Amino acid sequence: MENPGVSKVVLLACGSFNPITNMHMRMFELARDHLQDTGQYSVTKGIISPVGDGYKKKGLVEACHRVEMARLATESSGWITVDSWESQQLEWVETVKVVRHHHEELLAAEHNKDDVDTVKYAKKRRIEENSFDSSDHHRKLDGPRLMLLCGADVLESFSVPNLWKQEDIAELAGQHGVVCVTRSGSDPYKFINQSDELWHHRKNIHVVHEWVTNEISATHVRRSLRRGRSVRYLLPDSVIRYIQEHSLYSAESEQKNADGILAPFQRYCDASTSTSLPDERKLRAISMPASLCGTWDLISNVNFEGYMSALGISACLRKIALKLKLRKVIEQQGDQYVVKTLSTFKNYSISFKIDQEFKEFTKGLDNRHIKSTVTWQGSKLTCEQIGEKKSRGWAHWVEGDKLHLELYCEGEVCKQVFKRNVNE
């Protein structure tokens, strides 16, 4: 017998799924456990909705492949399904419209279970006709709730200018609900606190902690695939076989849509803004959530010695480095970034473009030749450094008036915090 005090919930995850990874599947399990542990919800279904080709994201392979890979990934699940409606639309469909579509489908299916008599048929018609007009139609007691499932990076992207409409955010968070799964280094609570819109709907945003941290990234998976590296245990075996059979994710496919503009930017930006941006890389750079550019002085430096030890820097140099007052200078010229690390002992500078691999020589640090690629991961500027040392890279992001930097190498993580220079 069903508990009348427990609401049925269907979880909907929208995204590229390019390709789908084990972490995507894991998010559903985490969200279901979290909601059901509250005693208020019973999660009955999960839906994966891959975005259509009209989204125009760089490196996005055809929707037919992404849908099929998602179907293969969900074969072993008894409650997660894949829906192709969004992917079949000729133009990009806003997430809020995808949510509306699936909620209408759920309401129709729920009421089809009733006996078809005059009273109930009229009731069903009223619900369908008013599904978009009623401000509280999403909270019907006799129907299931649909909640948007996402990672912390999606929640952070709500602040990116021209990526989301404010009224869409209000509808998603206020009328439906959002289930957000944390990632290492993210703080959804802080972001909710910084957003007036999300703070207003905070009771309808469920933050799920992933204590077993897993940083599987589809971007990193694609990079490994095009370099011929193993991705086993990152993706389901059936998905890996499909990728191999169809020769997906090559250097050529990664350049797809490289000169285009992401569909939301193209739709929401003023004509004068969009015509002045020759490619998506420049638009993404200009539309970053908070400006990294400026001069920043170090105020906190945690585990710097552990990070330097992982790099193989001598004990003598580590002692000197620990006493230095570091200054970070970040500049942007069009789509070119320059990051300088200054001190009284040594200076280090790198120059790069987003999503373009470059050769880097870490002169004065550990003196190694590496291949680096800098990308945007939500509001974070991240770098993967490929070379002799494993799991090496860094991430910059701004919170309030502070610049945060994480440096990582072979399991060691250094966390630095900088404050904007008062003389700037």
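This text walks through the nonpolar cores, one buried histidine and the cysteines of a predicted model.

Start with the packing. The largest nonpolar core holds 40 residues. Within it, L11, I20 and I48 have the most contacts. Helix α1, spanning residues 22–37, contributes the most to this core, with 7 residues. Apart from this core lies another, of 37 residues. Its members include I47, V51, V98 and A263.

Take I48 as a way into the largest core. Leaving out residues up to four places away in sequence, I48 touches A13, F17, I20, M25 and F28, among others. The list also includes A70 and T74, then I80, T81, V82 and D83. One of these partners, I20, is itself among the residues with the most contacts inside the core.

Now move to H206. This histidine sits in strand β6, which covers residues 205–208. Its relative accessible area is 11%. The cut-off for buried is under 20%, so H206 counts as buried. Setting aside neighbours within four places in sequence, H206 contacts H34, L35 and Y41. It also contacts M147, V178, V179 and C180.

C180 leads to the cysteines. C180 is buried, at 0% relative accessibility. Its closest cysteine sulfur belongs to C150, at 4.7 Å. A disulfide needs the two sulfur atoms within 2.5 Å, so this pair is too far apart for a bond. The search of the whole structure finds 0 disulfides. C64 has another setting: at 52% relative accessibility it is exposed, because the cut-off for exposed is over 50%.

How values were computed
Residues numbered from 1 in each chain as written. Predicted model: local features only at pLDDT ≥ 70, side-chain atom pairs only at ≥ 80, totals over all residues. Heavy atoms only, no water. Core = buried A, V, L, I, M, F, W, Y, C linked by side-chain atoms within 4.5 Å. Buried < 20%, exposed > 50% of the residue type's maximum accessible area, 1.4 Å probe, protein only. Helix = DSSP H or I, 4+ residues; strand = E, 2+ residues; numbered from the N terminus. Contact = heavy atoms within 4.5 Å.
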